Amino acid sequence: MSEQALRLGTRRSKLAMAQSGQVADAVSRVTGRPVELVEITTYGDISRENLAQIGGTGVFVTALREALVRGEVDFAVHSLKDLPTAQPEDLALAAVPVREDVRDVLVARDGLTFAELPDGARVGTGSPRRMAQLNAYARNHGMTIETVAIRGNVDTRIGYVRSGELDAVVLAAAGLNRIGRIDEVTDFLPVDTVLPAPGQGALAIECAADNADLVAALGELDDPFTRVAVTAERSLLAALEAGCSAPVGALADLLADGQIVKEMRLRGVVGTTDGSTLVQLSTTGPVPETHDEAMSLGRELAAEMLAKGAAGLMGERAL
């Protein structure tokens with residue numbers, strides 16, 4: 001008798017289906033069981049409102065989590081940056097696989113890089129975090145750009161450039177890689193220019209906490225380094241969210257000496273969307289060995305950022 005298929009809950013977007021399909025293949029390999037995709041429509045998929053206005057994180061996640069709790073699916077795949085920072089007790093974050101490219105990228109008309117954009121260029125993004133950092137960079141380099149709030153899937157966003165409505169759009173490299181469209185990128189934005197969203201490029205595989213066998217099986221796909229990095233980033237985000245509602249960028253990266261990973265550096269940025277004020281700090285220390293150590297690294301940096309004025313950037317969420 002063949003093993004019963006595992007049901008993987010996924011959003012319906014092309015990107016979600018692509019990344020869920022990749023995870024399904026990996027889960028089939030480690031469990032020896034077939035995996036079937038169960039498409040679930042989330043509030044974030046059907047609402048036409050601006051993401052910042054409907055609450056940002058959670059809008060793509062809630063319906064998937066409800067299906068998990070009701071037992072309609074066995075596990076779910078999320079983009080980690082969409083997950084609210086508090087983990088529900090009845091669900092386990094069973095695996096955080098090896099992370100994709102963390103960078104943001106530019107897709108611009110005529111193959112332009114960010115530095116080559118003409119004065120007054122219209123740059124589309126739905127992310128206040130990207131707006132803050134792009135505007136700050138432009139300001140510091142004598143450029144004038146206009147950031148335009150957009151949303152929609154990758155096709156819709158790149159379509160604004162192809163139609164001439166916008167000069168460029170900013171997207172995550174990871175998403176374009178996963179759907180095979182990375183060749184449309186005209187510029188990879190260095191993380192020194194734009195720090196990514198906490199958890200960007202990483203996936204989260206979630207299942208019911210009481211299904212110990214499935215938690216263990218999915219755990220085979222976990223990458224410990226990616227997990228401590230995103231844990232630190234999300235801890236920073238959670239601590240800043242408590243004291244500041246401005247958009248947050250964060251990145252934890254591992255500093256290696258040859259093949260040996262020596263330390264982890266955590267960088268954080270928070271700013272006003274017009275880029276006039278940015279609070280940017282970093283800290284470097286031993287690679288966290290435990291979840292708690294990764295959490296405290298994020299909290300410590302957040303406390304320093306709040307002390308440096310991040311708390312004064314309140315009220316930036318309403319675009």
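I take a salt bridge to be a side-chain nitrogen of Lys or Arg within 4 Å of a carboxyl oxygen of Asp or Glu. With that in hand I searched the whole structure, which is a predicted model, and the search gave 20 salt bridges.

**Entry: three salt bridges**

I looked up a few of these pairs one by one, and began with Glu72 and Arg70, whose side chains meet in a salt bridge with an N to O distance of 2.5 Å. I then checked how open the two partners are: Glu72 is partly exposed, at a relative accessible area of 40%, while Arg70 counts as exposed, at 52% relative accessibility.

My next pair was Arg181 and Glu184, which form a salt bridge with their closest N and O atoms 2.7 Å apart. Here I noted that Arg181 counts as buried, because its relative accessibility is 17% and the cut-off for buried is under 20%.

The third pair I opened was Asp222 and Arg227, whose side chains meet in a salt bridge at 2.9 Å, N to O. Both ends are partly exposed, Asp222 with a relative accessible area of 22% and Arg227 with one of 25%. I then followed the salt bridges that share partners, and found that they join Lys14, Asp155, Arg162, Arg181 and Glu184 into one network.

**Entry: back to Arg181**

Since Arg181 belongs to that network, I asked where in the chain it is found, and the place is the loop between helix H6 (173–178) and strand E9 (187–189). The pairing with Glu184 also appears as a polar contact between the two side chains, at 2.7 Å. Leaving aside neighbours within four places in sequence, I found Arg181 in contact with Val154, Asp155, Ile158 and Leu176.

**Entry: Val170 in strand E8**

I turned next to Val170, which has its place in strand E8 (residues 168–172). Is Val170 buried or exposed? I read a relative accessible area of 1% for Val170, so this residue is buried. I also looked for what surrounds Val170 when residues up to four places away in sequence are not counted, and the residues it touches include Asp104, Val105 and Leu106, then Val123, Gly124 and Thr125, and also Leu189. Along the chain Val170 and Val107 are 63 residues apart, yet their C-alpha atoms are separated by 6.4 Å.

**Entry: helix H3**

In helix H3 (residues 62–69) I looked up which residues are buried, and they are Ala63, Leu64, Arg65, Ala67 and Leu68. I wanted to know what covers these buried residues, and the cover includes strand E1 (6–10), strand E3 (75–79), strand E4 (91–95) and strand E10 (203–208). Following the chain out of the helix, I came to Gly71, which comes after H3 and has a positive phi, near 80°.

**Entry: strands E11 and E12**

My last search concerned strand E11 (residues 248–257) and strand E12 (residues 260–271), which run antiparallel and are joined by 10 bridges. To fix the pairing in mind I picked out Leu254, which stands opposite Met264 in E12. How many residues lie between E11 and E12 in their hairpin? I found 2 residues between the strands, and Gly258 in the turn has a positive phi of about 65°. As a reminder for reading any such strand, I wrote down that in a regular strand the side chains alternate between the two faces of the sheet.

Notes
Residues are numbered from 1 along each chain as its sequence is written. This is a predicted model: local features need pLDDT of at least 70, side-chain atom pairs count only at pLDDT 80 or more; totals for chains, interfaces and linings use all residues. Side-chain values use heavy atoms; hydrogens and water are left out. Helices (H or I, at least four residues) and strands (E, at least two) are DSSP runs, numbered from the N terminus. A polar contact is a pair of N or O atoms within 3.5 Å; within protein, one must be able to donate a hydrogen and the other to accept it, and residues adjacent in sequence count only if both atoms are side-chain atoms. Contact means heavy atoms within 4.5 Å. Buried means under 20% relative accessible area, exposed over 50%, partly exposed in between (1.4 Å probe, protein chains only). Two strands pair if DSSP finds at least two bridges between them.
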